[in-house]
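Here are some exercises to work through with the model open beside you. Try each task before you read its solution.

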Amino acid sequence: MKKYYVNKNSRLVKMKGLPILANVENTAIIGLSSSGVSFWSKIQNEEIVSEKDCLENMELLSSLQELDFISEKEYVTNNKQLNLTSAYLHVSNRCNLNCLGCYSHDDKRNKESDPSLASLKTALKRLHNCSVRSAVISGGEPFLRSDLSKLLYYGKKDLMIEHIAIITNGTVNVDYSKFKDIVDEITVSIDGFSKDVPTFIRNEGIFDAIINTVKLIKKTGINVSILPTLHSKNSSFIHNYKELANELGVELNFSILSVCDTPEFHDFIPSTKNLHELSESLLSLGSSVHDTPIGADLNAGLSCGAANSVISIAADGNIYPCHMLHEKEFTLGNIFTADLTIENINKNVVTYFDNANADTIEDCQDCEYKYFCSSGCRARAYFKYGNISKKDSYCELSKYFYDRLSEQLLENLQNSSEAK
């Protein structure tokens, strides 16, 4: 007889009748057969299984242990640590463009001085001390800082942060070769897919400059990707962006316009039809959308990670749950003035976000996809309803995506069965 302890982050769910075991902490999933479901039920409910059961389910048992669904030792909960893995660091509030719906735009844009290099180094060190493995350098426009390479050298060479990325608008004239060994990836935001196409949400006349920047970065050997923002006016052009990425020989990712439904943005917010079209296109291309957990790979999660696994640092050092929620009411602390520890963090905000998840959000509770979309984006819920505990306003995008994906999985399983 053998006793195993079950990770409290394990969830057994069904997608269109397919039993799937999901680890909402590390994103792992395991598809189960009927015998696998029976074996899992014994572990979960009885916690003691026979040697015969273990031998008959050896492959599954190995996966359950390897992916941390179960352990031979009892799990110990530690609430005295931060669980951060990634962070945005806004190194400037200055920007040379004025893009509609910019997530970092505020009343201080181009009015306040940049934070000092010493302050930003302090921020990186404190993030590193909390085991942050991925830092996204953002703004404003990061390359407007003449000392950006010094900051990145410190982060990559001195602190040895695992992954450092930069998001840029691609319009600043910079010697990108200086960044060759101190940044892992540069993401260039783009708007149109051709100079002959009118811009949608960005300044006009910048397409050629952006494409030239992409080519210059690629020439240095730095990983470079392009990042269009999707909305109602360009949702039918996803394949055009794919063609552009192929032509440039770079990776392609998408973001989706996430704003309040005000008159300024009303005509840009995707309709349900737009969201369904986006889902179909993303499935056909195998592409993903930033801030929306849909893509070619099926992963599990309980929440979007805001104020938990991810945080965002504003240019004044204030800490927020994510880069789209730089709201005063969600301030967690200030990284320039205090170490990033559980004692220095606003626990009420952390608890508020922890409690807004797939198990607690009313509109999510009965959805079969809730652990695959990870309850969606809390920022979009806030923009739509003024409440992070409501459903993602683009819920229909994920729901339609997983409907179609599950149909494909069932079809593949049927074809595989028939082939045997």
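**Exercise 1: two loop residues with positive phi**

Thr27 sits in the loop between strand S4 (18-23) and strand S5 (29-31). Helices (H or I, at least four residues) and strands (E, at least two) are DSSP runs, numbered from the N terminus. Before going on, note that this is a predicted model, where local features need pLDDT of at least 70 and side-chain atom pairs count only at pLDDT 80 or more, while totals for chains, interfaces and linings use all residues. Residues are numbered from 1 along each chain as its sequence is written, and side-chain values use heavy atoms, with hydrogens and water left out.

Task: find the phi angle of Thr27, then do likewise for Asp68.

Solution.
- Step 1. Thr27 has phi near 75°, which is positive even though the residue is not glycine.
- Step 2. Now check its accessibility: the relative accessible area of Thr27 is 35%, so this residue is partly exposed. The cut-offs are under 20% relative accessible area for buried, over 50% for exposed, and partly exposed in between (1.4 Å probe, protein chains only).
- Step 3. Asp68 lies in the loop between H3 and strand S7 (70-71). Its phi is near 65°, again a positive value in a residue other than glycine.
- Step 4. Asp68 comes out at 28% relative accessibility and therefore counts as partly exposed.

**Exercise 2: how H1 meets H3**

Task: describe how helix H1 (residues 34-46) and helix H3 (residues 58-66) cross, and say which residues make the contact.

Solution.
- Step 1. Look at the axes: those of H1 and H3 come within 11 Å and cross at roughly 55°. Axes here are lines fitted to C-alpha atoms, for helices over the stretch in contact, and angles run from 0 to 180 degrees between N-to-C directions.
- Step 2. That angle makes H1 oblique to H3. Angles under 35 degrees count as roughly parallel, over 145 as roughly antiparallel, 65 to 115 as roughly perpendicular and the rest as oblique.
- Step 3. The handedness of the H1 and H3 crossing is right-handed. A crossing is right-handed if the near helix is turned clockwise from the far one by less than a right angle, and left-handed if anticlockwise.
- Step 4. H1 brings Gly36, Phe39, Trp40 and Ile43 to the contact, and H3 brings Leu60, Leu61 and Leu64. Contact means heavy atoms within 4.5 Å.
- Step 5. Sorted by type, the residues joining H1 and H3 are six nonpolar, one polar and no charged. Ala, Val, Leu, Ile, Met, Phe, Trp, Tyr, Cys and Pro count as nonpolar, Asp, Glu, Lys and Arg as charged, and the others, Gly among them, as polar.

**Exercise 3: how H4 meets H5**

Task: repeat the analysis for helix H4 (residues 117-129) and helix H5 (residues 148-158).

Solution.
- Step 1. H4 and H5 pack at about 25°, with axes 10 Å apart.
- Step 2. The two helices are therefore roughly parallel to each other, and the crossing of H4 and H5 is right-handed.
- Step 3. From H4 come Leu117, Leu120, Lys121, Leu124 and Lys125, which meet Lys150, Leu151, Tyr154 and Gly155 of H5.
- Step 4. This contact of H4 with H5 splits into five nonpolar, one polar and three charged residues.

**Exercise 4: Phe353 and Ile388**

Task: decide whether Phe353 is buried or exposed, and list what Phe353 touches.

Solution.
- Step 1. Phe353 is in helix H9 (residues 347-354), and its relative accessible area of 3% means it is buried.
- Step 2. Skipping residues up to four places away in sequence, Phe353 touches Ala306, Ala307, Pro321, Leu325, Phe330, Arg378 and Ile388.
- Step 3. Follow Ile388, which lies in the loop between helix H10 (378-385) and helix H11 (395-419). At 0% relative accessibility, Ile388 is buried.
- Step 4. Neighbours within four places aside, the contacts of Ile388 include Phe330, Phe353 and Arg378.

**Exercise 5: looking for disulfides**

Task: how many disulfides are there, taking a disulfide as a pair of cysteine sulfur atoms within 2.5 Å?

Solution.
- Step 1. The count comes to zero disulfides.
- Step 2. Cys364 is in no disulfide, and the nearest cysteine sulfur, that of Cys373, is 5.9 Å away.
- Step 3. Cys364 has 9% relative accessibility, so it counts as buried.

Definitions and conventions:
Disulfide = S-S within 2.5 Å.
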